[in-house]
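Thanks for coming, everyone. Please look at the fold first, and then I will go through a few details.

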Amino acid sequence: MKFGRPAGDSQRTVVLHGGGAFGERVRLSVYDLMNGTFATPRVFFYRQTLDTDAVMDSLRRTLAHYPLLTGRLERDADGGLSVLCNDAGAAFTVVHSDRAMPDYGPDHSAKGDLRRYISWVNAFRVVGHDTPLLSVKLTHMSGGGSVLGVSISHSVVDGGGYLDFLQHWSRTHAGQDIPAPPYDRALLDGLGDDVRPEPDDPQYSVVTGRQKFGFIWRVNARSRKVRTVTLRFSAAEVLALREAARVDEDCHRPPVSSGDALSAHLWRILGALRDREPGAEERLGIVVGLRTALKSRLPEGYSGNAVSNTTAVVSARELREEPLSHTVSAVRAALDRVTFERVQREAAFLEAQRSAGSSGRVLSRMSLDAFDGTVALNNVSRLPVYEVEFGAGWPFWFEYPASPIPWTVLITPTPDDDHSRDVHLSVPTEAADALRTPQWTSRLYSSV
């Protein structure tokens with residue numbers, strides 16, 4: 001783990017424990033394995049200074065309910081992963097910076113500064129090592145204000161579980177008594193037992209070791225040519241898109257949501273920007289939560305990974321020329337395919353790969369196709385990211401690290417807590433430059 005600090009800053013790190021070595025070994029599910037051993041970080045910016053001792057104390061009390069977060073990753077005999085719940089601890093770092101708090105926001109990205117606010121973990125030195133699965137870095141800025149960087153191993157939590165943990169911590173800090181979340185991966189065991197695994201899956205592909213290395217090399221080699229553009233869509237603009245998408249909609253279906261309308265609109269913009277030949281297949285890979293489809297199996301608050309993806313497909317001509325309602329129909333059709341039966345078939349495929357020892361070579365097709373015809377979209381606008389509060393008010397801004405993979409869309413809420421949305425577009429440099437021109441700015445904020 002890296003705890004380097006900029007010159008002029010003072011820093012100390014302590015290890016926090018949840019209260020005892022539980023001794024349990026939790027075998028991770030096939031959906032946990034899809035995320036590898038990389039950490040997933042978030043950074044929250046507060047105008048007022050947080051109380052270090054109080055934040056540390058509330059985190060310690062919260063960790064008593066999260067034995068996986070103070071455990072360590074171990075390799076299973078079949079190549080899978082388990083967490084040994086030995087209460088080895090989580091890392092908590094406090095930094096006193098000599099910098100004043102920048103005025104971060106959609107027009108002043110914090111992405112270039114995130115390394116100073118996060119304790120970065122080497123993903124290749126996690127399994128079998130004494131490497132914390134949770135790392136917290138609290139940076140106090142000169143003149144007031146604090147930055148809270150939280151990194152959790154993606155193998156033990158997805159975006160929803162991540163925010164559930166932060167809200168649990170926040171409520172514990174406020175003196176509320178919150179019950180422990182369910183984390184038993186056995187809840188997903190046998191999900192695909194009644195289904196014969198198929199040799200292929202619509203959303204996942206088994207690659208060779210050489211192909212995986214080539215994909216990673218390609219991502220790293222091109223990451224410097226990927227730029228993230230952050231755009232804010234006001235509540236009025238989002239609702240106008242929703243109304244445009246509802247034109248001629250099927251009265252027998254639930255009304256189009258603002259999330260589906262904004263997703264379809266952004267896909268159309270990026271399709272027009274790429275300007276591929278009319279017959280080319282355009283794909284929108286959509287990150288989807290599985291808790292609704294698996295509500296008969298997973299209790300509320302399940303803290304493990306329960307996320308997959310689905311793909312909408314239209315031709316390049318349709319994406320550019322047909323009305324927004326047509327694109328929305330394709331998006332909704334893709335989401336409608338995420339059923340319990342579909343998840344069973346997917347789980348059977350993933351279980352077969354784990355049994356064969358090839359889980360490490362399973363990649364999502366939307367990632368593999370990132371350099372060709374797929375736009376990858378993750379809409380987390382319903383997650384309460386601005387409600388992470390520790391006695392000093394809500395954060396005024398929060399940030400994810402930039403995606404190194406091109407044609408990636410992340411939709412987040414805004415501090416206004418209304419229908420407005422912040423959209424983070426990670427695209428090649430030339431596309432990022434184009435999106436800042438008056439021509440494309442006008443198209444982005446058009447409701448039709």
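I will cover salt bridges, one helix, one pocket and two cavities.

First, the ground rules. This is a predicted model, where local features need pLDDT of at least 70, side-chain atom pairs count only at pLDDT 80 or more, and totals for chains, interfaces and linings use all residues. Residues are numbered from 1 along each chain as its sequence is written, and side-chain values use heavy atoms, with hydrogens and water left out.

Salt bridges, then. How many does the structure hold? There are 25 salt bridges, each meaning a side-chain nitrogen of Lys or Arg within 4 Å of a carboxyl oxygen of Asp or Glu.

Take R185 and D32. Their closest N and O atoms are 2.9 Å apart. R185 sits in the loop between α4 (159–173) and β9 (204–206), and D32 in helix α1 (residues 30–33), so the pair ties together parts that are 153 residues apart in sequence. Helices here are DSSP runs of H or I with at least four residues, strands are runs of E with at least two, and both are numbered from the N terminus. Are these partners buried or exposed? R185 counts as buried, at 1% relative accessibility. D32 is buried as well, at 0%. The cut-offs: buried is under 20% relative accessible area, exposed is over 50%, and partly exposed is in between, with a 1.4 Å probe and protein chains only.

Next, R283. One salt bridge goes to E281, with the closest N and O atoms 2.7 Å apart. R283 is buried at 19%, while E281 is partly exposed at 42%. R283 also meets D369 in a salt bridge, 2.3 Å from N to O. That pair links distant parts of the chain: R283 is in strand β11 (residues 281–289), D369 is in the loop between α11 (365–368) and β14 (374–379), and they are 86 residues apart. Both R283 and D369 are buried. Elsewhere, R25, R27, D76 and D78 are joined into one network by salt bridges that share partners.

Now helix α4. Its 15 residues should span 21 Å at 1.5 Å a residue, and its end C-alpha atoms are 21 Å apart, which agrees. The expected span is 1.5 Å times one less than the number of residues. Buried residues of α4 include Y162, F165, L166 and W169. What do the buried residues pack against? They pack against β3 (39–46), α2 (52–63), β7 (134–142) and β8 (146–153), where contact means heavy atoms within 4.5 Å.

On to the empty space. On a 1 Å grid over the protein atoms alone, a cavity is a set of points where a 1.4 Å probe fits but cannot get out; a pocket is an open set with protein on both sides within 12 Å along at least five of seven lines; lining residues have an atom within 4 Å of a point.

The second largest pocket holds about 280 Å³. It has 13 lining residues, with R222, P406, W407, P428 and E430 nearest its centre. Helix α12 gives the largest share of that lining, 3 residues.

Finally, cavities. The search finds 4 of 30 Å³ or more. The largest has about 120 Å³ of space. Of its 14 lining residues, Y66, L68, L69, V156 and S303 lie nearest the centre. The second largest cavity is about 90 Å³. It too has 14 lining residues, with A39, V121, P132, L133 and S153 closest to its centre. Strand β8 supplies the largest share of that lining, 3 residues.

Key
Points joined across faces, edges and corners; volume = space filled by probe spheres on them.
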